[in-house]
Structure formats: structure tokens, C-alpha cells
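This report looks at the packing of a protein model, with attention to its rings, its nonpolar core and some polar side chains.

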Amino acid sequence: MQNKKVLKKQQQTIENKKYVKAMWIGYLSVLFCIVIFFAMLSFGWLGFMPTFEELENPKANIATEVYADNGELLGYIGLQNRSIVNYKDISPNMINALIATEDVRYREHSGIDARSLFRVLTKTVLGGHKSSGGGSTLTQQLAKNLFPREKKSFFGTIYAKLKEWVVAVKLERNYSKDEILSMYLNTVDYGSNAFGIKTAAHTFFSKQPSELEVEEAAVLVGLLKAPTTYNPVRNPENSINRRNTVLTQMEKYGFLTSEEAEAKKAMPIKLKYNPQTHDEGIATYFREMLRSLQVKRRPIRCTQRRTESLYHNQLSNAKKCRRSSQRTLQISSKRIFQTYQRL
């Protein structure tokens, strides 16, 4: 009887070991497939993936700024009103408002925030709480801005999201945190034909990015969620509510004290709205002339060597024609003289 119990216990132990072994094999197989999938995705074997050169030199529609001789900005020329600024030229208020609202653990992760993904999975997907926020980091949003998604199906969207993860990790490896922040602020659309933080600061407040106050930075960060809905010119009430939400986030994460946040929330939005378009502003005809010169085809200009070559060829052809004419004239004269003698 005791032997049967021992044998049964041994069999159960063997079965448990087989079960654990099967679990480990399944777990490692899934992990191996995930690693292989992301490796193939990274190398571009499953679709487009930006190269190292494209990550080092991302494309952006940058406008040409036109200045008068006294340094005054006359306007811009380009498809999008966008100018690039460095991190050191951006107000810390703008940086703090952006991080507090969009990605509070930005300085800690390497492009992908596991805690945010877990929150989205548990609260948004399983719990149905849409107000719990998204899981995209600032680096992932930059990857989306630099390499926009195409309109695809549900599974295509998931694939594009996974690709953004890979691009985000590559961006983190190639750029510093400060560089990624400046790139992000330079690429986003703030509405009112303002692309990039420099143009947005000038359009809404007639300031440089380094001069933005806390409440002004909160207005601009609020525009990132929906530039039209939270536009302070078209929808001032929505803009104030969104600005106050940004200020609350800054208070929550220690960028502002409670007194500072409440004082800023009580302030009205003081705009110095100065939209910039092609047909408005200073020297519009002059700027249009410059634009037409920029898009004209470059004239074909001959080099000195080619000009000399053409000249010698034409001279040689002229000499050949003259010799041929002289020879023809001599033959004709000879024939006329022979005919005269016969007569």
C-alpha cells in the first residue's frame, strides 16, 4: 500500500515536471517569436523602416524667413510656416508643461513606457476608462510625426504602432533627451498655420520661444491635443479649460506650487494674435517675387571651356564651308573656259 502511494507520488512529480517543462518551452517559444518579429521589423523586412541616415536627417517642411536690412522679419516663404529652434532657445516653462501633460516619466524611459502601457491595458482596454490617458511617449509621438501612418485597417494600425516603438527606440539611441524634445516641439502643428514652437509663440503671443510665461506655455501645450478645438481665438472657453488642465498637471507633478497654479488659472488668456500667411503682412509683393525666383528652373549656363569649344566648332565649320565654296567656284570657272574654247 505504501509502495503504491510512493509510485503515485513519483508519477505526479514526473507529470508536474513535464507540465512545467512544457510551460517553459511555450514561454521561450513565444519570447523567441517576439524577438524575431521585432528584429525583422527593425531591419525593414516587414515593410518600410527608416534608415540610419533618415533618422539622422529627418525631413521637415521648413519655411524660408525673409528679413529686412534692419533685422525685422518680413514674412516667410514655404508650404508650412515652420522655423527650427534649439533646445536652449525654448523656455523651461514650455518644457515643463509638455512633460507634465504628455509624458511625465520622459526622463526615465528609453522610448517606451511600460507603466503607461500596463495602465492602458488594464484601465482603458479592460476597464473601459477612456479618460485614463494614452500610452504613447513623446518619442513615439515624434516617430509618428516624422514618419506618418497610412490609413489602414485595425491590424494595420497595430502594425504601425509596433513600428513606432522600434523607431522610438532608435531615436533614443541617436539623440539626447533634450534634442528629442526640441525636435518634437519643432514638428507639431499648433493650428492657425503655425508649425513648430517658434512660429506658434510668434503667432499667438508675438514672442520668442524663450520668452514664454507659464500660462502662455500651458495654452500652447493645450493646443497639441486638438489645435482647432482648443484654439484660443476661435474657442476661448475651451482653451481656458484646457490650459487649466495643463496647469493642474504641472501642480500634480511638482512643477508648480498650489498657490502658483491657482493664480495662473485665475488669469485670462492675453493674446497678441499675429497670424502669418503668404498674402498678409509686410512686403507681400516682394516676398512673392522671391518665391517665384525660388521655384524657377535654373538657367542652363555654359562654362568657359564649353563656350570656347562651341566657338572653335563653329569657326571650323565656317572654314569648311568657305573652302567648299571656293572649290565649287574654281570648277565652275574651269568648265566655262573649256566651253568657250570649243566655240
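The text below goes from the whole chain to the core, then to the ring pairs and the polar contacts.

The model is predicted: local features need pLDDT of at least 70, side-chain atom pairs count only at pLDDT 80 or more, and totals for chains, interfaces and linings use all residues. Residues are numbered from 1 along each chain as its sequence is written, and side-chain values use heavy atoms, with hydrogens and water left out.

**Whole chain**

The protein has 13 helices and 2 strands; these are DSSP runs numbered from the N terminus, with helices being H or I of at least four residues and strands E of at least two. Of its 343 residues, 31% are buried, where buried means under 20% relative accessible area, exposed means over 50% and partly exposed lies in between (1.4 Å probe, protein chains only). About 23,300 Å² is exposed, and carbon and sulfur atoms supply 56% of it. These areas come from the Shrake-Rupley method with a 1.4 Å probe. Contact means heavy atoms within 4.5 Å. Among contacts between residues at least 6 apart in sequence, 63% join residues at least 24 apart.

**Nonpolar core**

A nonpolar core is a set of buried Ala, Val, Leu, Ile, Met, Phe, Trp, Tyr and Cys residues joined through side-chain atoms within 4.5 Å. The largest one has 51 residues, and Met94, Leu185, Tyr190, Ile197 and Leu220 have the most contacts inside it. Elements giving two or more residues to this core include helix H3 (92-102), helix H9 (214-223) and helix H10 (236-252). H9 supplies the largest share, 7 residues.

Not counting residues up to four places away in sequence, Tyr190 touches ten residues' worth of partners, among them Met94, Leu185, Ile197, Phe204 and Leu220. In H3, the buried residues include Met94, Ile95, Leu98 and Ile99, and the buried residues of this helix pack against H5, H7, H8, H9 and H10.

**Aromatic rings**

Which rings pair in this model? There are 2 aromatic pairs, set out in the table. Rings of Phe, Tyr and Trp (its six-membered ring) pair if their centres lie within 6.5 Å; planes under 30 degrees apart count as stacked, over 60 as edge-to-face and the rest as tilted.

| Pair | Centre to centre | Angle between planes | Class |
|---|---|---|---|
| Trp24 and Tyr27 | 5.9 Å | 85° | edge-to-face |
| Phe204 and Tyr273 | 5.8 Å | 45° | tilted |

Trp24 and Tyr27 are 3 residues apart in helix H1 (residues 2-42), about one turn of the helix. The other pair links distant parts of the chain, with Phe204 in helix H8 (residues 197-205) and Tyr273, 69 residues away, in the loop between helix H11 (258-265) and helix H12 (284-295). Phe204 is buried, at 0% relative accessibility, whereas Tyr273 is partly exposed at 37%.

Charges also sit over rings, which requires NZ of Lys or CZ of Arg within 6 Å of the ring centre and within 35 degrees of the ring normal. Lys177 lies over the face of Tyr106, 4.3 Å from the ring centre, and the charged end of Arg242 is over the ring of Tyr230, 5.8 Å from its centre.

**Polar side chains**

Gln141 belongs to helix H5. Its side chain makes a polar contact of 3.5 Å with the side chain of Glu102.

Conventions:
Polar contact = N/O pair within 3.5 Å; in protein donor to acceptor, adjacent residues only side chain to side chain.
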